[in-house]
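Here are my notes on the model, set out as numbered points. Please read them with the structure open.

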Amino acid sequence: MEDNELLKVRLEKIAALKAAGIDLYPNDVRPQNTTAEILAEFGNSAAEALTGITQQFSIAGRLMAVRNFGKAAFVKIQDRKGQIQSYVAKDILSENAFFVFKKLDIGDIIYISGKLFRTKTNELTIEAHDLRLLSKSLHPLPEKWHGLTDVETRYRQRHLDLISSPAVKEIFYRRSRIIQLIRQFMDKQDFLEVETPMMQPRAGGAVARPFKTHHNSLDMDLYLRIAPELYLKRLVTGGMERVYEINRNFRNEGISTFHNPEFTMLEFYRSYATYEDLMSYTEELFAFIASNIFGSLKFTYQGTEIDLSPPWRRISVKDALLQMAGMDKSTLEDHTQALDFARKIGCEVKDTDLLGKVLMAIFDEVVEKKLIQPTFVTNYPVAVSPLSRRSSTDPDIVDRFELYIYGREIANAFSELNDPADQRERFLQQLKERETGNDEAHEMDEDYIHALEYGMPPTAGEGIGIDRLVMLFTDSASIRDVILFPLLRTKQDAGGSINN
């Protein structure tokens, strides 16, 4: 009822403005300044100094607050850079402009131009000599002191979240800055940025369940990519020895505080390098970002100090299980004992699961959450690494690492498998797993094997989750806080109206 009354009042104001010939949505305004520019240049200027400035300043933005005194008022205007105060008075504005002002509501987009001065409370203020309405808001904004407190509303109506919470907007400015820094770092290392297909005839490059679609003209099924890996490695085979891509991946999996079905990845490949080289490279990349964001390699995430000072801890999967999961060597090496151990701690494992897969289920359940400071976990089982190069010293493990920070996987890297015969055998093993019901297992990809048969140079590749990286560098607890429009159930499905 209250919302209906507010809407009625605003509609009456619109009718009055239209009757007076006021254009509610003009498009001929070009503000010359931003709030940040004005505050940066004149924020420390004394009142006396401002009186000598004849320049007219103009800004446009959203009306966020009004302190009305009848024939005069102080208002707050918010643009993309921040807020500034303006003084609006009947004896300064034209009759038409003051009429418009009296019909304004919180949330309207307005334009103001005028001179700078300081109030009695010493606040830098624009004395409005001109005022125009640029866009009328029909709905009230969230309560100004608290913003949006309902989490689902924040994600579902991100526009209101951004309007009412400068801290939210700052997260996404920082996200953009982080991606810029990544590109800057990669470009300096002579990597070439490329784009590879989002729709693929086979879901390859990772162990995950894909989204499926259909192309009508070609009458063929396609998959939203789960990873760009197999295409990027084709480029390496073609002579592009250092390539990277920052783009979306799609995995038909559950949603949690650090999983979203649509997410952003940095994936890169470097010829004549090993996974060990990429450990040092990753340390350098993260240090470069942190230094530019924080000016330090130490920062606080969710109340815990994270130290990115290299070298970072390195530990094998088996040593991690021995030291942090309470396993003994015999259990590590015996399939039956490992299955029993996994089931006792609540892992869902099948008798047909290979030993390596069982061990990783235990690792995910017990060890992962204990890896708070940056840690490279190495020597993964072949069974869970269908695209990684086998170790030269142990055929049961691969040259691979995963990076964990604050109990979360941030990056995955390995020396690439470039032996086409071995790759074919790995794919065949994955097909056997699909036959046992594992619909996340890798499909056979004859085209990729054919490309390998032309000779791919020794190469190392890595994928870094951009969303999780941004979570880390913005002290965000949930992945939804760093994705502008995270996937949500529609309101219709939840029992309401049809809105995302």
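How many bridges join strand β10 to strand β11, and do the two run parallel or antiparallel? The points below start there. Bear in mind that this is a predicted model.

1. **The β10–β11 pair.** Nine bridges join β10, residues 242–250, to β11, residues 262–271. The two strands run antiparallel. For a specific register check, take Arg248: its bridge partner in β11 is Thr264.

2. **The sheet around that pair.** β10 and β11 belong to an open sheet of eight strands. The order is β6-β10-β11-β18-β17-β16-β15-β14. Pairing is mixed. The edges are β6 (192–193) and β14 (313–316), each of which pairs on one side only.

3. **The helix across the sheet.** Helix α7 covers residues 166–188. It lies across three strands: β6, β10 and β11. Relative to β10, α7 runs at about 150 degrees.

4. **Asp190.** This residue sits in the loop between α7 and β6. Its phi is near 70 degrees, which is a positive value in a residue other than glycine. Is Asp190 buried or exposed? Its relative accessible area is 62%, so Asp190 counts as exposed; the cut-off for that class is over 50%.

5. **Tyr406.** Here is another positive phi in a residue other than glycine, near 55 degrees. Tyr406 is in the loop between β16 (397–405) and β17 (408–415). Its relative accessible area is 23%, so Tyr406 is partly exposed.

6. **The cis peptide.** Pro310 and Pro311 are joined by a cis peptide bond. Omega is about 0 degrees. Pro311 lies in the loop between β13 (304–307) and β14. Strand β14 is one of the two edge strands from point 2.

7. **Arg202 and its contacts.** Arg202 is in the loop between β7 (199–200) and β8 (211–215). Which residues does Arg202 touch, leaving aside those up to four places away in sequence? They are Tyr223, Glu443, Met444, Asp445 and Asp447. Why is Arg202 classed as partly exposed? Its relative accessibility is 29%, and the partly exposed class lies between the 20% and 50% cut-offs.

8. **A distance for orientation.** Arg202 and Thr300 are 98 residues apart in sequence. In space, their C-alpha atoms are 41 Å apart.

Methods. Residues numbered from 1 in each chain as written. Predicted model: local features only at pLDDT ≥ 70, side-chain atom pairs only at ≥ 80, totals over all residues. Heavy atoms only, no water. Helix = DSSP H or I, 4+ residues; strand = E, 2+ residues; numbered from the N terminus. Buried < 20%, exposed > 50% of the residue type's maximum accessible area, 1.4 Å probe, protein only. Contact = heavy atoms within 4.5 Å. Pairing = 2+ DSSP bridges. Axes fitted to C-alpha atoms, helices over the stretch in contact; angles between N-to-C directions.
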